[in-house]
Amino acid sequence: MKWIFIVQKIVASLRTLGIAALATSVALGIRLSLTPLIGSEASMLVFTMAVMAVAGTQGALAGLLTTALSLLAGSFFFRAPLYSFRIVQTREWEDLILFCIVGTLISIMAGNLRLARMRSQANQKLAEEATEALAVAYERERKIADTLQ
């Protein structure tokens with residue numbers, strides 16, 4: 001039974017990695033298609049949207065993973081020298097550090113929002129079950145009271 005739990009964890013981790021990689025790839029494709037229009041300006045903006053989408057649907061850890069993958073993709077494809085991870089200018093370091101901070105904050109906030117939404121849905125289900133149980137108990141008590149009269 002323990003191995004089933006381990007396999008489930010591995011599958012969930014691979015799923016998270018796949019979703020983060022897919023979102024980063026889609027953002028990269030969109031950003032590459034926009035390059036002729038906007039050049040190298042706002043190179044990380046589209047990746048921010050990918051982080052928001054993944055963190056909001058998959059949680060903070062997936063958002064952080066998307067942030068890391070986006071950082072690598074953005075620095076490789078849109079920072080001079082192109083197709084290299086070497087960063088020459090201080091301004092580019094500042095932009096990438098800012099992206100890391102923003103991506104981390106988005107991941108944490110969206111992850112917390114997702115957890116709160118999940119807790120709210122669970123509490124709503126419990127409240128509905130409790131209401132249904134109370135209705136059944138009330139009806140049973142009413143029938144008992146009717147038979148005693």
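This text leads the reader through the helix contacts and the pockets of the structure shown above. The model is predicted, and its residues are numbered from 1 along the chain.

A suitable starting point is helix 2, which spans residues 45-58. Helix 2 packs against helix 3, which covers residues 60-78. The axes of helix 2 and helix 3 come within 8 Å and cross at roughly 165 degrees. Because angles over 145 degrees count as roughly antiparallel, helix 2 is roughly antiparallel to helix 3. The crossing of helix 2 past helix 3 is right-handed. On the side of helix 2, the contact is formed by Phe47, Ala50, Val51, Val54, Ala55 and Gln58. Helix 3 contributes Ala60, Ala62, Gly63, Thr66, Thr67, Ser70, Ala73, Gly74 and Phe78. Sorted by class, this contact of helix 2 with helix 3 holds 9 nonpolar and 6 polar residues, and no charged residues.

Helix 2 also packs against helix 4, which runs over residues 90-148. Here the axes lie 7 Å apart, and the angle between helix 2 and helix 4 is about 25 degrees. Since angles under 35 degrees count as roughly parallel, helix 2 is roughly parallel to helix 4. Helix 2 passes helix 4 in a right-handed crossing. From helix 2, the residues Phe47, Thr48, Val51, Met52, Ala55, Gly56, Thr57 and Gln58 take part. They meet Phe99, Val102, Gly103, Ile106, Ser107, Ala110, Gly111, Arg114 and Arg117 of helix 4. The contact of helix 2 with helix 4 comprises 8 nonpolar, 7 polar and 2 charged residues.

The next contact involves helix 1, which extends over residues 2-38. The axes of helix 1 and helix 3 come within 9 Å and cross at roughly 35 degrees, and their crossing is right-handed. Helix 1 takes part through Thr16, Leu17, Ala20, Ala21, Thr24, Leu28, Arg31, Leu32 and Thr35. The partners on helix 3 are Ala62, Leu65, Thr66, Leu69, Ser70, Ala73, Phe77 and Phe78. In this contact of helix 1 with helix 3, 11 residues are nonpolar, 5 are polar and 1 is charged.

The description now turns from contacts to empty space. Rolling a probe the size of a water molecule over the atoms reveals where such space remains. Which elements give two or more residues to the lining of the largest pocket? They are helix 2 and helix 4. The largest share, 6 residues, comes from helix 4. The largest pocket holds about 350 Å³ of space and is lined by 16 residues. Of these lining residues, Ala42, Ser43, Met44, Arg79 and Asp95 lie nearest the centre of the pocket. The lining of the largest pocket consists of 7 nonpolar, 4 polar and 5 charged residues.

The second largest pocket has a volume of about 190 Å³. Its lining is made up of Lys9, Ala12, Ser13, Arg15, Thr16, Gln58, Leu61, Ala62 and Arg114. Helix 1 and helix 3 each supply at least two residues of this lining, and the largest share, 5 residues, comes from helix 1. By class, the lining of the second largest pocket has 3 nonpolar, 3 polar and 3 charged residues. Several of these residues have already appeared in the helix contacts. Thr16 and Ala62 line the second largest pocket and also belong to the contact of helix 1 with helix 3. Gln58 and Arg114, which line this pocket too, take part in the contact of helix 2 with helix 4.

Conventions
This is a predicted model: local features need pLDDT of at least 70, side-chain atom pairs count only at pLDDT 80 or more; totals for chains, interfaces and linings use all residues. Side-chain values use heavy atoms; hydrogens and water are left out. On a 1 Å grid over the protein atoms alone, a cavity is a set of points where a 1.4 Å probe fits but cannot get out, and a pocket is an open set with protein on both sides within 12 Å along at least five of seven lines; lining residues have an atom within 4 Å of a point. Grid points are joined across faces, edges and corners, and a volume is the space filled by probe spheres set on the points. Helices (H or I, at least four residues) and strands (E, at least two) are DSSP runs, numbered from the N terminus. Ala, Val, Leu, Ile, Met, Phe, Trp, Tyr, Cys and Pro count as nonpolar, Asp, Glu, Lys and Arg as charged, and the others, Gly among them, as polar. Axes are lines fitted to C-alpha atoms, for helices over the stretch in contact, and angles run from 0 to 180 degrees between N-to-C directions. Angles under 35 degrees count as roughly parallel, over 145 as roughly antiparallel, 65 to 115 as roughly perpendicular and the rest as oblique. A crossing is left-handed if the near helix is turned anticlockwise from the far one by less than a right angle, and right-handed if clockwise. Contact means heavy atoms within 4.5 Å.
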